[in-house]
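Here are my notes on the model you sent, set out as numbered points so that you can follow them with the sequence and the structure open beside you.

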Amino acid sequence: MNRCTKSRARSAFSAFLAGLFLTFAVTASAQGIQRDAPKDVVLGKLVVTAPPEITLDGKPDRLSPGSRIRDLNNMLVLSGGIVGKTLPVVYRRDAAGLIHEVWILTDDEYTKLGGAGSGANGAQRFIELLALIFGARR
């Protein structure tokens with residue numbers, strides 16, 4: 001006795017196709033997300049000595065246990081992969097004072113941001129330049 005009629009098979013197949021279509025639609029819309037400039041960050045030069053030990057601008061510091069380091073494409077970078085490299089970055093600390101989030105910059109971006117902190121509107125200019133830099137990345 002065959003209980004699977006053609007109408008049930010068609011409805012199951014159409015439900016499968018609808019689910020597949022929704023999966024692709026969500027994936028496609030996620031690719032258009034633009035990265036926003038990070039808020040309340042500080043500019044510096046990072047060197048990972050022996051993870052989680054680092055130096056920021058020549059002073060010893062430490063990465064937090066859940067720290068995230070992002071490259072120019074907003075991809076996560078493992079701290080062990082950048083040991084010994086001097087990288088221009090903007091970073092944010094966590095509540096305990098450890099370095100929690102790091103965004104790697106190009107040398108050109110670093111020089112632009114380095115001069116932004118001077119003058120009467122230094123903080124505002126820094127924020128505007130960050131928005132321009134991160135707006136250009138996709």
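1. I begin with Ser64, which lies in strand 3. The model is a predicted one, and in it Ser64 has a relative accessibility of 4% and therefore counts as buried, the cut-off being under 20%. Leaving out residues up to four places away in sequence, Ser64 touches Asp94, Leu98, Ile99 and His100.

2. Pro65 is also found in strand 3, and its relative accessibility of 85% is the reason that Pro65 counts as exposed. Although Pro65 and His100 stand 35 residues apart along the chain, their C-alpha atoms are separated by 8.0 Å. His100, as noted above, is one of the residues that Ser64 touches.

3. For the overall plan, the protein chain has 3 helices and 6 strands, and from the N terminus on its elements run α-β-β-β-β-β-β-α-α. Among the contacts with a separation of 6 or more, 61% are accounted for by residues 24 or more positions apart. Buried residues make up 28% of the 138 residues in the chain, while the chain exposes about 9,200 Å², of which carbon and sulfur atoms supply 60%.

4. The pairing of the strands can be followed from strand 1, residues 42-50, which runs antiparallel to strand 2, residues 53-56, and is joined to strand 2 by 4 bridges. A hairpin of 2 residues makes the connection between these two strands. Within this pairing Ala50 stands opposite Glu53, and Val48 has Ile54 as its bridge partner in strand 2.

5. Strand 2 is in turn joined by 4 bridges to strand 3, residues 59-70, again in the antiparallel sense. These strands form a hairpin with 2 residues between them, and Asp57 in the turn has a positive phi of about 55 degrees, a point to look at when you inspect the backbone there. Glu53, which stands opposite Ala50 of strand 1, also stands opposite Arg62 in strand 3.

6. Strand 1 has a further partner in strand 5, with which it pairs in the antiparallel sense over 6 bridges. Lys45 finds its bridge partner in strand 5 at Pro88. Which ring does Lys45 lie over? Lys45 lies over the face of Tyr110, at 4.5 Å from the ring centre. Pairs between aromatic rings, on the other hand, number 0 in the structure.

7. Which residues touch the most other members of the largest nonpolar core? That core has 13 residues, and those with the most such neighbours are Leu46, Ile54, Leu56, Val89, Ile99 and Val102. At least two residues of this core come from each of strand 1, strand 2, strand 3, strand 5 (86-93) and strand 6 (99-104). Apart from this core lies another, of 11 residues, among them Leu43, Trp103, Leu113 and Ile133. As general background, nonpolar side chains in soluble globular proteins tend to be buried together.

8. Val89 deserves a separate look, since its contacts can be listed in full. Not counting residues up to four places away in sequence, Val89 touches Val42, Leu43, Gly44, Leu46, Leu56, Val102, Trp103, Ile104 and Leu105. Of these, Leu46, Leu56 and Val102 are named with Val89 among the residues that touch the most other members of the largest core, whereas Leu43 and Trp103 are among the members of the other core.

9. Two loop positions complete the note, and the first is Ser79, whose place is in the loop between strand 4 (76-77) and strand 5. Is Ser79 buried or exposed? With a relative accessible area of 18%, Ser79 is under the 20% limit and so counts as buried. Leaving aside its neighbours within four places in sequence, Ser79 is in contact with Val48, Pro51, Leu63 and Ile69.

10. The other position is Asn73, which lies in the loop between strand 3 and strand 4. Its relative accessibility is 54%, and because the limit for exposed residues is over 50%, Asn73 counts as exposed. The C-alpha atoms of Asn73 and Ile104 are separated by 9.4 Å, with the two residues 31 apart along the chain. Ile104 also appears among the contacts of Val89 described above.

Terms used. Residues are numbered from 1 along each chain as its sequence is written. This is a predicted model: local features need pLDDT of at least 70, side-chain atom pairs count only at pLDDT 80 or more; totals for chains, interfaces and linings use all residues. Side-chain values use heavy atoms; hydrogens and water are left out. Two strands pair if DSSP finds at least two bridges between them. Rings of Phe, Tyr and Trp (its six-membered ring) pair if their centres lie within 6.5 Å; planes under 30 degrees apart count as stacked, over 60 as edge-to-face and the rest as tilted. A charge sits over a ring if NZ of Lys or CZ of Arg is within 6 Å of the ring centre and within 35 degrees of the ring normal. Buried means under 20% relative accessible area, exposed over 50%, partly exposed in between (1.4 Å probe, protein chains only). Contact means heavy atoms within 4.5 Å. Accessible areas come from the Shrake-Rupley method with a 1.4 Å probe; for residues, only the protein chains shown count as cover. A nonpolar core is a set of buried Ala, Val, Leu, Ile, Met, Phe, Trp, Tyr and Cys residues joined through side-chain atoms within 4.5 Å.
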